[in-house]
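Trainee: Before we discuss this model, could you show me the sequence and the structure together, please?

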Amino acid sequence: MLEKLIRLCQASGFILPTECKINDSILTCYNYGPLGTAMRRNILNEWWESMVMSQENVFPVENVPFVKQPDTNNHLVVSRPNSEVQQKECTDGRNGFLRSSLSDGNLSHYQQTLELVGNKVPFGLAQCGKCYQYIPEKDEQFVYRGSEYTELLFQSFVSPKASTQAFDHWQRWRLQWWRKFSGSPSNFSVADSNENSGRQQINILFQFPWGQDVIETISHHGNEKLMRIGDKGQVKIGRKAVFPHLIESVSTVERAMLTYLVDSYQEKERPESKGGRAVRTVMQMHPRLAPYKVAIATTGSKAASDVREVASHLAKDLRVAGMMVLDLKEVHATIDSQFTRFDDSGTPFTIILNDGTLNTGIVAIRNRDTTLKEQVHLTQIKDHLLRYINTY
């Protein structure tokens, strides 16, 4: 199944493997086409809404991707200087390191943010950003494990007495988030981490084609990391000055993307317009994650240019309403080939315009998952689709 999904991702422009060479090492890297880029943006937006916008006193931060010292053995090294002139002027052989985690950079904002909230807990810090690690070429788990990845990091600072409750809360919250966008919620589970780190740590797991694997880790760090800051990292709770406890959640956009691509991949029988049935591939993706919400298909030949003009105006109206619209202007393509393209892209709804639309104003809206069609007037399409999409 993974091999079929990889072929589909490459053909449709979700994920495109590419060769990346750093310091004579060939690394596992990926580019993202229009569908993949839009899907990544949707995942990031949903995470942002859940972990920043809807939370009290959670603050977004950013850091540069360079660190002074590596914190793991698989750091990527950026040699500097990078020009012949600079090399002559600087001969000490210094190297820069690309970060493999956002965690330490995030903590550099702790003290200033603590002052912002009046030296009171709880509060949180959130960051999304590029990280890098050494992964050899041709990794068998596709984009699950790449040399470049976009980490999603959330850190919550809480009082020691409330830390266990907070740890349990974030486990439930994050598992619920993963399941919310899934067609098969039972494929997600929680398990204790096997790492002997001396701290509480759980993994959220997903059932991939190669077996269960980690898509997010939630850790209870206690006060260990904040004690390194010194007394300025303390808060006053009652009459005592104490170090808050740190609860940390770490995932990546790439793992989320592969999770939902695997989750949405379906093979179904489809009735064809000329009779008979064919096996169709459907990316049965949650509408909020789907790269495009609506596609427009045209059929008929009496007034093709007039139908296309109506389709263009309709697409513009839907975009203004905030919907991503896939309007490829394929006047001569068969309706079945258009459905196949839109099913492969995971587009939940297809609006079908034909010669009759010019006379009656009626279009058909096809549901990707059921293939059923509804008759709707042009003036009602926007509200009709928004009702569907906003119910998810």
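Trainee: In this predicted model, how are the axes of helix α9 and helix α12 oriented where they come within 10 Å?

Mentor: Helix α9 spans residues 304-320 and helix α12 spans residues 381-390, and their axes, which come within 10 Å, cross at roughly 45°. Angles under 35 degrees would count as roughly parallel and those from 65 to 115 as roughly perpendicular. The crossing angle therefore makes α9, relative to α12, oblique.

Trainee: What is the handedness of the crossing of α9 and α12, and which residues make the contact?

Mentor: The two helices, α9 and α12, cross in a right-handed sense. On the α9 side the contact is made by Leu314, Asp317 and Leu318, and on the α12 side by Ile381, Lys382 and Leu385.

Trainee: By class, how many residues in the contact of α9 with α12 are nonpolar, polar and charged?

Mentor: Leucine and isoleucine count as nonpolar, whereas aspartate and lysine count as charged. The contact of α9 with α12 accordingly comes to four nonpolar, no polar and two charged residues.

Trainee: Which residues have the most contacts inside the largest nonpolar core, and which residues does the second core include?

Mentor: The largest nonpolar core has 60 residues, and those with the most contacts inside it are Leu5, Phe14, Ile15 and Leu261. A second core, separate from that one and made of 18 residues, includes Ile296, Ala311, Met323 and Ile381.

Trainee: What percentage of the residues in the protein is buried?

Mentor: The secondary structure of the protein comes to 12 helices and 21 strands. Of the 392 residues in the protein, the buried share is 48%.

Definitions and conventions
Residues numbered from 1 in each chain as written. Predicted model: local features only at pLDDT ≥ 70, side-chain atom pairs only at ≥ 80, totals over all residues. Heavy atoms only, no water. Axes fitted to C-alpha atoms, helices over the stretch in contact; angles between N-to-C directions. Helix = DSSP H or I, 4+ residues; strand = E, 2+ residues; numbered from the N terminus. Parallel < 35°, antiparallel > 145°, perpendicular 65-115°, else oblique. Left-handed = near helix turned anticlockwise from the far one by under 90°. Contact = heavy atoms within 4.5 Å. Core = buried A, V, L, I, M, F, W, Y, C linked by side-chain atoms within 4.5 Å. Buried < 20%, exposed > 50% of the residue type's maximum accessible area, 1.4 Å probe, protein only.
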